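Student: I would like a close look at a single part of this protein, its main nonpolar core, with the terms spelled out as you go.

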Amino acid sequence: MNRPSGSDVPARSVVRLDESQLTAAVNLVWNVFLEFEAPEYTPEGVANFAKFLDRESLATKLRAGQLYLLGCFQQRQLLGVIAVRVPAHLCLLFVDKRCHRQGIASRLFQAVLQNCREDGEISRITVNSSPYAVEFYHRLGFVDQAGEQTRDGIRFTPMLLSL
């Protein structure tokens, strides 16, 4: 864990989440989604996102090894969550609104990037970025693969990062 020198900010750690932490992760994602994403979505899009975020469905995918989640914690408080559909498709990246612009999303992404590089077989990471996050992904080096699209009421821009 790194602590900025001369700062009293407690260290933040990124860890792989297990099923026991899934409810906290789902709650964080849902609350942030409702505030920042849902206003731009149709009712169909909100319903489909809620269906994807279903705790039991995510738990099944975790157990099957189809998905993994990382969380950024400060002490015991969950500040942000990233989910990866195996092998390397980002399907969730949400940070508590009180912690936006503090490097948490970047830290979560760097942990995924390290996992992908350690794998040795992964040559690219993909994401279907929400409109809210497009510029963030551009700063990370992602490139648009097509213009914004809407599928099942969910707006996104398909993006790719070559490793």
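Student: Before we turn to that core, what percentage of the 163 residues in the protein chain do buried residues make up?

Tutor: This is a predicted model, in which local features need pLDDT of at least 70 and side-chain atom pairs count only at pLDDT 80 or more, while totals for chains, interfaces and linings use all residues. Residues are numbered from 1 along each chain as its sequence is written, and side-chain values use heavy atoms, with hydrogens and water left out.

Buried residues make up 43% of the 163 residues in the protein chain, where buried means under 20% relative accessible area, exposed over 50% and partly exposed in between, with a 1.4 Å probe and protein chains only. The chain has 5 helices and 8 strands, these being DSSP runs numbered from the N terminus (helices H or I of at least four residues, strands E of at least two).

The largest nonpolar core has 30 residues, and those with the most contacts inside it are Leu90, Phe109, Val112, Ile125, Tyr137 and Phe142; such a core is a set of buried Ala, Val, Leu, Ile, Met, Phe, Trp, Tyr and Cys residues joined through side-chain atoms within 4.5 Å. Among the elements that each supply at least two residues of this core are strand S4 (89-95), helix H4 (104-119), strand S5 (124-129), helix H5 (134-140) and strand S8 (154-162), and H4 gives the most, with 8 residues. Apart from this core lies another, of 23 residues, which includes Leu22, Val32, Phe33 and Val81.

Tyr137 shows how parts of the chain meet: leaving aside neighbours within four places in sequence, Tyr137 is in contact (heavy atoms within 4.5 Å) with Leu90, Leu93, Val127, Ser129, Phe142 and Met159.

Several of these names return in the strand pairing, for which DSSP must find at least two bridges between two strands. S4 and S5 run parallel and are joined by 2 bridges, and Leu90 has Val127 as its bridge partner in S5. Between these strands the chain passes through H4, and this β-α-β crossover is right-handed, which is to say that, with the strands pointing away from the viewer, the path from the first strand over the helix to the second runs clockwise. S5 is also joined to S8, by 6 bridges, and these two strands run antiparallel; here the bridge partner of Val127 is Met159.
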